Amino acid sequence: MTSQNLGRFDASAARIGALVPLTRPGWVEAGRHLLAGLQLAVDGVNGAGGIAGRPLELVVRDTAADPRKATAAVAELAHLGVAALAGEFHSVVARAAATEAQRRPCDCAVATEPSAYWASGTGILRDHLAPRGGTVTELDLRALGPRRDWHPRAAKFREGEIRIAAALREPESHGYLTRAKERLQSGRVVTRTVSYNKPHRPVVRERRPASPPPRPEPAAPKPHGTAADLLIGLRALDSRLLLSERDVHRLAPQVSAWLERGVPATAVQRTLTTGLPQDPIKHPAAFLAHRLTTLLPPPLPTAPPIAAAAPRPHPLQTCDGCDRAFRAARPGRCRDCRTGERKAA
């Protein structure tokens with residue numbers, strides 16, 4: 001309702017001024033929701049017979065999120081004789097409107113919940129308005145929350161059950177209201193209604209199918225080999241060097257590196273157990289890993305290649321012709337006898 005249709009107001013109606021942002025740069029969406037809630041409340045009061053037989057009518061003014069417009073609107077609404085002011089959405093604009101309204105004697109109605117926070121805020125507001133002739137009326141917010149019984153409301157209002165239910169669900173669907181059931185210590189179940197200045201989207205966790213129980217991890221194979229046996233046997237030399245099976249698996253490759261470099265197993269054992277500290281060894285695996293890393297000897301140098309052996313001479317043979325000794329692979333005649341036979345031929 002705007003200033004253009006003020007002439008159509010019922011003179012007997014109680015006028016309620018509404019300050020809402022309906023144009024930019026204000027939050028237009030929030031202003032529309034706020035106005036819809038105010039109109040719904042007015043329709044509910046009028047459907048129940050009004051206040052002392054007088055209907056309520058809204059006188060709406062657009063603030064556009066401008067404090068100056070809100071201040072001017074409060075002065076204009078006061079001149080029109082509104083019985084109360086409702087709104088605004090933006091806190092800066094609301095403070096400007098409250099400052100202008102405080103210049104005039106006024107009464108204030110506050111929707112509160114039973115808590116120290118609300119009691120303190122209401123007390124401050126009451127102390128501020130009392131010197132100016134104003135009063136503060138407290139309304140129980142729990143009693144003002146929308147109810148789910150549509151049928152009694154549908155019997156009072158002409159809009160019908162479907163439209164009333166949709167109107168009450170709209171602020172909740174856009175994130176301006178959340179409702180949660182809570183069981184009190186007395187056992188009674190109540191519905192808590194929380195309103196938000198900005199849309200609030202609760203995180204809805206998807207229900208996942210129950211996952212199968214985790215499979216047991218396969219047991220680690222029993223350590224074996226020279227390196228593992230060397231590490232396991234250290235506890236027999238010093239009980240402080242007791243290692244778990246997991247530590248033996250982790251240190252075995254480092255011991256193997258020593259053995260591959262030609263270090264005897266007894267020498268590795270002596271290196272790990274000689275010169276142990278007198279204090280308790282809190283982490284034997286870390287102590288042994290440090291020694292295996294820092295004391296690791298270098299690899300042995302590569303041996304030079306072995307030279308090929310000189311061919312061995314043929315064995316001595318006795319010549320069949322002259323009985324002289326000569327070297328040959330097989331028995332027979334010497335070279336001189338073979339030469340004379342060729343010349344004779």
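This briefing describes helix 1, Arg 291 and Pro 315 in turn. The structure is a predicted model. Helix 1 covers residues 28–47, Arg 291 lies in helix 12, and Pro 315 is found in a loop that precedes strand 8.

**Helix 1**
- Helix 1 has 20 residues, which at 1.5 Å a residue should span 28 Å.
- The C-alpha atoms at its ends are 28 Å apart, in agreement with that expectation.
- Buried positions in helix 1 are Val 28, Ala 30, Gly 31, His 33, Leu 38, Val 42 and Gly 44.
- After helix 1 comes Gly 49, which has a positive phi, near 110 degrees.

**Arg 291 in helix 12**
- Arg 291 is buried but forms no salt bridge.
- The nearest side chain of opposite charge belongs to Asp 238 and is 9.4 Å away; a salt bridge would require the charged atoms to be within 4 Å, so this pair does not qualify.
- Leaving aside neighbours within four places in sequence, Arg 291 is in contact with Trp 258, Leu 296 and the residues Thr 271, Leu 272, Thr 273, Thr 274, Gly 275 and Leu 276.

**Pro 315 in the loop before strand 8**
- The loop that holds Pro 315 runs between helix 12 (284–294) and strand 8 (316–318).
- Pro 315 has a relative accessible area of 44%, which lies between the 20% and 50% cut-offs and therefore makes the residue partly exposed.
- Beyond its neighbours within four places in sequence, Pro 315 is in contact with Phe 326, Arg 327 and Ala 328.
- Pro 315 and Arg 327 are 12 residues apart along the chain, and their C-alpha atoms are separated by 5.4 Å.

Notes. Residues numbered from 1 in each chain as written. Predicted model: local features only at pLDDT ≥ 70, side-chain atom pairs only at ≥ 80, totals over all residues. Heavy atoms only, no water. Helix = DSSP H or I, 4+ residues; strand = E, 2+ residues; numbered from the N terminus. Expected span 1.5 Å × (residues − 1). Buried < 20%, exposed > 50% of the residue type's maximum accessible area, 1.4 Å probe, protein only. Contact = heavy atoms within 4.5 Å. Lys, Arg positive; Asp, Glu negative; His and termini not counted.
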